[in-house]
Amino acid sequence: MEEFTKHVLVIIKGIPVGKVMTYGQIAKLAGSPRAARQVVRILHSLSDKYQLPWHRVVNRNGEISIADEEVARIQRWNLEGEGIEFDNNRVSLADYQM
């Protein structure tokens with residue numbers, strides 16, 4: 001496993017309940033600020049295997065960016081269950097970003 005991937009896994013596992021991080025924020029902390037799309041791929045392929053709290057990762061605008069409507073609803077439901085509120089389909093990064 002690549003070092004970047006290992007770092008991404010640790011960072012995502014460390015997102016606490018009631019907080020979110022952006023793909024770009026995770027990429028930067030993992031050592032590759034321009035690798036937000038790689039973070040997306042890691043989440044897509046390794047979330048189940050490593051039991052990642054995938055639902056706590058949003059785009060740079062605080063939006064859910066999953067194309068599958070059912071999965072997007074699950075993500076929103078999970079975030080709301082952790083006390084995160086949405087305004088116009090956005091999470092306030094000022095309030096909830098780690």
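## Contacts around Thr5

Contact here means heavy atoms within 4.5 Å. With that in hand, take Thr5: leaving out residues up to four places away in sequence, Thr5 touches Ile42 and Leu46. The model is a predicted one.

Thr5 sits in helix H1. Is Thr5 buried or exposed? Its relative accessible area is 11%, and since buried means under 20%, Thr5 counts as buried.

## How H1 meets H3

Thr5 is part of a longer list of meeting residues. On the H1 side there are Phe4, Thr5, Val8, Leu9, Ile12 and Lys13, and on the H3 side they meet Gln38, Val39, Ile42, Leu43, Leu46 and Tyr50.

As for geometry, the axes of H1 and H3 come within 10 Å and cross at roughly 70°. H1 is therefore roughly perpendicular to H3. The handedness of this crossing is right-handed.

## The nonpolar cores

The largest nonpolar core has 18 residues, and those touching the most other members are Phe4, Val8, Ile12, Ile26, Val39 and Leu43. Which elements give two or more residues to this core? They are helix H1 (3–13), helix H2 (23–29) and helix H3 (36–50). H1 gives the most, with 5 residues.

Val39 is a good place to look if you want to see how this core is joined up. Not counting residues up to four places away in sequence, Val39 touches Phe4, Val8, Tyr23, Ile26 and Ala27. Apart from this core lies another one, of 8 residues, with Leu79, Ile84, Val91 and Tyr96 among them.

## His55 and its partners

Now move along to the loop between H3 and strand E2 (57–58), where you'll find His55. His55 has a relative accessible area of 10%, so this loop residue is buried.

What does His55 touch, once its neighbours within four places in sequence are left aside? The contacts are Gln75, Asn78, Leu79 and Glu82. With Glu82 there's also a polar contact: the two side chains are joined at 2.8 Å. Leu79, for its part, turns up again as a member of the 8-residue core.

## His44, out in the open

The other histidine to look at is His44, which belongs to helix H3. His44 is exposed, with a relative accessible area of 72%. Follow the chain for 10 residues from His44 and you get to Trp54; the C-alpha atoms of the two are separated by 8.6 Å.

## Arg76 and Arg60

Arg76 is found in helix H4 (residues 69–81). At a relative accessible area of 26%, Arg76 is partly exposed. Setting aside neighbours within four places in sequence, Arg76 is in contact with Ile64, Phe86 and Asn89. Arg76 and Arg90 are 14 residues apart along the chain, and 9.8 Å separates their C-alpha atoms.

Arg60 lies in the loop between E2 and H4. With a relative accessible area of 73%, Arg60 is exposed. Even so, Arg60 has contacts: not counting residues up to four places away in sequence, Arg60 touches Thr22 and Leu93. Measure up to Phe86, C-alpha to C-alpha, and Arg60 is 15 Å away in space and 26 residues away in sequence.

## Two asparagines with positive phi

Last stop: the loop between strand E3 (86–87) and strand E4 (90–91), which holds Asn88. Asn89 is found in the loop between E3 and E4 too. Why give their backbones a second look? Most residues other than glycine have a negative phi. Asn88, though not a glycine, has a positive phi of about 55°. Asn89 isn't a glycine either, and its phi is positive as well, at about 65°.

How open are they? Asn88 is exposed, with a relative accessible area of 69%. Asn89 is exposed too, at 53%. Asn89 is also one of the residues in contact with Arg76, which ties this loop back to H4.

Methods: Residues numbered from 1 in each chain as written. Predicted model: local features only at pLDDT ≥ 70, side-chain atom pairs only at ≥ 80, totals over all residues. Heavy atoms only, no water. Core = buried A, V, L, I, M, F, W, Y, C linked by side-chain atoms within 4.5 Å. Buried < 20%, exposed > 50% of the residue type's maximum accessible area, 1.4 Å probe, protein only. Helix = DSSP H or I, 4+ residues; strand = E, 2+ residues; numbered from the N terminus. Polar contact = N/O pair within 3.5 Å; in protein donor to acceptor, adjacent residues only side chain to side chain. Axes fitted to C-alpha atoms, helices over the stretch in contact; angles between N-to-C directions. Parallel < 35°, antiparallel > 145°, perpendicular 65-115°, else oblique. Left-handed = near helix turned anticlockwise from the far one by under 90°.
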